[in-house]
Amino acid sequence: MVHGALFLLAAVATFHVSSEAEAPPLAPELSAEAREFLEAHNQARAAVGVEPLRWSEQLANVTSKLARYQRDKLGCEFANLSTGKYGANQLLAWGTAVTPRMAVEEWVKQKQFYNHADNSCVPNHRCGVYTQVVWRKSLELGCARATCVKEQASLTICFYNPPGNYIGESPY
């Protein structure tokens with residue numbers, strides 16, 4: 001649990017016609033950060049019986065470019081992810097360093113508001129970042145973080161392929 005930090009969460013529900021393209025091969029060795037993102041996601045997925053995600057260097061490169069742009073041009077503001085072709089989660093935090101695991105745990109906190117029995121979210125709460133983490137049809141993950149020193153903020157972005165959060169479809 002992080003104390004004294006302000007977190008803002010945003011979820012993007014992307015709606016696409018998914019294609020069944022083959023995934024690129026995995027890099028033989030992942031960075032410690034990539035492993036931490038992947039392990040945190042896959043623990044949440046295992047908790048609901050969903051197959052693990054694979055790390056995608058392609059997605060990681062796209063998120064890295066976006067996170068750097070947000071840092072360099074927009075002071076770590078949330079990215080506009082509404083027109084992207086991937087599912088996406090992002091976390092903006094002020095006043096504290098956020099590890100990959102902490103970011104994923106913040107998204108997974110929404111699980112308490114999600115009712116799987118009727119595929120709904122408790123009124124006046126959001127569940128979209130959680131359901132994207134555990135979306136069974138998402139196969140690949142790529143994430144990046146940026147720190148904005150002047151703003152004392154950090155931005156974490158993860159992309160998922162294929163995207164999730166299709167209206168009327170259960171995540172698992």
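**Reading helix packing and strand pairing in a predicted model**

The crossing of helices H1 and H3 is right-handed.

Q: At what angle do helix H1 and helix H3 pack, and how far apart are their axes?
A: This is a predicted model. Helix H1 (residues 32-46) and helix H3 (residues 100-108) pack at an angle of about 25°, and their axes are 8 Å apart. Because angles under 35 degrees count as roughly parallel, H1 is roughly parallel to H3.

Q: Which residues make the contact between H1 and H3?
A: From H1 come Glu 33, Glu 36, Phe 37, Glu 39, Ala 40, His 41, Gln 43 and Ala 44. H3 contributes Pro 100, Arg 101, Val 104, Trp 107 and Val 108.

Q: Turning to the strands, is E7 largely enclosed or not, and why?
A: In a regular strand the side chains alternate between the two faces of the sheet. Strand E7 covers residues 153-161, and eight of its nine residues are buried, so E7 is largely enclosed by the rest of the structure.

Q: In which sense, parallel or antiparallel, does E7 pair with E3 and with E6?
A: Strand E3 (residues 87-94) and E7 run antiparallel, joined by eight bridges. One residue pair to look for is Gly 87 with its bridge partner Tyr 160 in E7. Strand E6 (residues 140-148) also pairs with E7 in the antiparallel sense, over nine bridges. Here Arg 145 has Thr 156 of E7 as its bridge partner, and Cys 143 has Cys 158 of E7.

Q: How many residues lie between the strands in the hairpin of E6 and E7, and which one takes a positive phi?
A: Four residues lie between the strands, and Gln 152 takes a positive phi near 50°.

Q: How many residues of E6 are buried, and which way does E2 run beside E6?
A: Seven of the nine residues of E6 are buried, so E6 is largely enclosed by the rest of the structure. Strand E2 (residues 54-55) runs parallel to E6, with two bridges joining them. Trp 55 has Leu 141 of E6 as its bridge partner.

Q: Where is Asn 165 found, and is Asn 165 buried or exposed?
A: The segment after E7 holds Asn 165. Buried means under 20% relative accessible area; Asn 165 has 10%, so Asn 165 is buried.

Q: What does the side chain of Asn 165 reach?
A: The side chain of Asn 165 reaches the backbone oxygen of Gly 128 at 3.0 Å. A polar contact of 2.5 Å also joins the side chain of Asn 165 to that of Thr 131.

Technical notes. Residues are numbered from 1 along each chain as its sequence is written. This is a predicted model: local features need pLDDT of at least 70, side-chain atom pairs count only at pLDDT 80 or more; totals for chains, interfaces and linings use all residues. Side-chain values use heavy atoms; hydrogens and water are left out. Buried means under 20% relative accessible area, exposed over 50%, partly exposed in between (1.4 Å probe, protein chains only). Two strands pair if DSSP finds at least two bridges between them. A polar contact is a pair of N or O atoms within 3.5 Å; within protein, one must be able to donate a hydrogen and the other to accept it, and residues adjacent in sequence count only if both atoms are side-chain atoms. Axes are lines fitted to C-alpha atoms, for helices over the stretch in contact, and angles run from 0 to 180 degrees between N-to-C directions. Angles under 35 degrees count as roughly parallel, over 145 as roughly antiparallel, 65 to 115 as roughly perpendicular and the rest as oblique. A crossing is left-handed if the near helix is turned anticlockwise from the far one by less than a right angle, and right-handed if clockwise. Contact means heavy atoms within 4.5 Å.
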